[in-house]
Amino acid sequence: RVVANDGVNTSDAVEVQFSVLTSTQTVPKPGAFELRQNYPNPFNPTTTLSFSLPTADHASLIVYDALGRPIANVVDGFRAAGTHHVTFNAEGLSTGTYMAVLRSGTQTASIRMTLAR
């Protein structure tokens, strides 16, 4: 409430607007086969690779150079169903683009990673 100089009471209407922010991040469905983008990317010299398996099975996660040559076998063995996180250390590798390929059962997924020195 505002009181003017002449003693008259006045009030100003106030309009309030609300907005709701929602996340646009995609959350994988439980039990989905997925290889997530490495973090951080670009990286130097280590990065984390995360993947999900819908069922317990043999999994292989191999990193390849730009010419398609295997550089590192990050995972090779039986893994339980669920989400897994592994660290890839690129110490000794040169700057460039690399591919990580996840295989389990009949499914395959790949991502591109950048090593920046």
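This is a short exchange between a trainee and a mentor on one predicted model.

Trainee: What ground rules apply to this model?

Mentor: The model is predicted: local features need pLDDT of at least 70, side-chain atom pairs count only at pLDDT 80 or more, and totals for chains, interfaces and linings use all residues. Residues are numbered from 1 along each chain as its sequence is written, and side-chain values use heavy atoms, leaving out hydrogens and water.

Trainee: What makes up the chain, in helices and strands?

Mentor: Nine strands and zero helices. Strands are DSSP runs of E with at least two residues, helices are runs of H or I with at least four, and both are numbered from the N terminus.

Trainee: How many aromatic pairs does a search of the whole structure find?

Mentor: One. Phenylalanine 43 and phenylalanine 88 form it.

Trainee: Why is this pair called edge-to-face?

Mentor: Rings of Phe, Tyr and Trp (its six-membered ring) pair if their centres lie within 6.5 Å; planes under 30 degrees apart count as stacked, over 60 as edge-to-face and the rest as tilted. Here the centres are 6.2 Å apart and the planes stand at 65°. The rings therefore count as a pair, and as edge-to-face.

Trainee: Which parts of the chain does the pair link?

Mentor: Distant ones, 45 residues apart. Phenylalanine 43 is in the loop between strand 3 (34–35) and strand 4 (46–53), and phenylalanine 88 is in strand 7 (residues 82–89).

Trainee: Are phenylalanine 43 and phenylalanine 88 buried or exposed?

Mentor: Buried means under 20% relative accessible area, exposed over 50%, partly exposed in between (1.4 Å probe, protein chains only). Phenylalanine 43 has 2% and phenylalanine 88 has 3%. Both values are under 20%, so both residues are buried.

Trainee: How do you know that strand 4 and strand 7 pair?

Mentor: Two strands pair if DSSP finds at least two bridges between them. Eight bridges join strand 4 to strand 7, so the two count as paired. They run antiparallel. Within strand 7, phenylalanine 88 is the bridge partner of threonine 47.

Trainee: What makes strand 3 and strand 7 edge strands?

Mentor: The open sheet has the order 3-4-7, with antiparallel pairing. Strand 3 and strand 7 each have a single partner strand, so one side of each lacks a neighbour in the sheet.

Trainee: Which peptide bonds are cis in the loop between strand 3 and strand 4?

Mentor: One joins tyrosine 39 and proline 40, with omega about -5°. Another runs from asparagine 44 to proline 45, with omega near -15°. Proline 40 lies in that loop, and so does proline 45.
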